[in-house]
Amino acid sequence: MIISGPERGRIWSDNRVDDEDLKPFLDEHDALMTFTRWYLTWLEGAERQLAPVPAAD
């Protein structure tokens, strides 16, 4: 996450271990991902995983 400057609050991917450069993290619509959007998306996914499973009759 960038913490200062014009990109402040945005998430970047660090793929240097795979011989790739830093690049902005994009959402499903190829828009730049803010930390807030990333966190809320993660939280929604976690909530879906914990949702109760309907009982079978």
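Modeller: Let's start with the vocabulary: helices are DSSP runs of H or I with at least four residues, strands are runs of E with at least two, and both are numbered from the N terminus. Keep in mind that this is a predicted model.

Biologist: Thanks! Where does that put Asp30?

Modeller: Asp30 is in the loop between β2 and α1, where β2 covers 22-24 and α1 covers 35-50.

Biologist: What makes Asp30 count as buried or exposed?

Modeller: The cut-off for exposed is over 50% relative accessible area. Asp30 has 61% relative accessibility, so it counts as exposed.

Biologist: And what is notable about the phi of Asp30?

Modeller: Its value is positive, about 60 degrees, although Asp30 is not a glycine. Most residues other than glycine have a negative phi. Asp19 also has a positive phi, near 60 degrees, and lies in the loop between β1 and β2.

Biologist: How do you know whether Asp19 is buried or exposed?

Modeller: Its relative accessible area is 76%, and exposed means over 50%. Asp19 is therefore exposed.

Biologist: Back to the loop between β2 and α1: why is Met33 called buried?

Modeller: Buried means under 20% relative accessible area. Met33 has 5% relative accessibility, so it counts as buried. Beyond its neighbours within four places in sequence, Met33 is in contact with Gly9, Arg10, Ile11, Phe25, Leu26, Asp27 and Trp38.

Biologist: Asp27 is on that list. How do you know that Asp27 has no salt bridge?

Modeller: A salt bridge needs a side-chain nitrogen of Lys or Arg within 4 Å of a carboxyl oxygen of Asp or Glu. For Asp27, which is buried, the nearest side chain of opposite charge is Arg37, 6.4 Å away. That distance fails the 4 Å limit, so there is no salt bridge.

Biologist: Which backbone nitrogens does the side chain of Asp27 reach?

Modeller: One is that of His29, at 2.8 Å, and another is that of Ala31, at 2.9 Å. A polar contact allows up to 3.5 Å, so both distances fall within the limit.

Biologist: Last one: what makes Met1 eligible for a surface patch?

Modeller: A patch takes residues with over 30% relative accessible area and no salt bridge. Met1, in the segment before β1 (12-14), has 53% relative accessibility and so passes the area cut-off. It belongs to a nonpolar surface patch of about 810 Å², whose members include Phe25, Trp38 and Trp42.

Methods
Residues numbered from 1 in each chain as written. Predicted model: local features only at pLDDT ≥ 70, side-chain atom pairs only at ≥ 80, totals over all residues. Heavy atoms only, no water. Patch = residues over 30% accessible without salt bridge, like charges linked within 9 Å, V, L, I, M, F, W, Y side chains within 5 Å. Areas by Shrake-Rupley, 256 points an atom, 1.4 Å probe, with all protein chains shown as cover. Buried < 20%, exposed > 50% of the residue type's maximum accessible area, 1.4 Å probe, protein only. Contact = heavy atoms within 4.5 Å. Lys, Arg positive; Asp, Glu negative; His and termini not counted. Polar contact = N/O pair within 3.5 Å; in protein donor to acceptor, adjacent residues only side chain to side chain.
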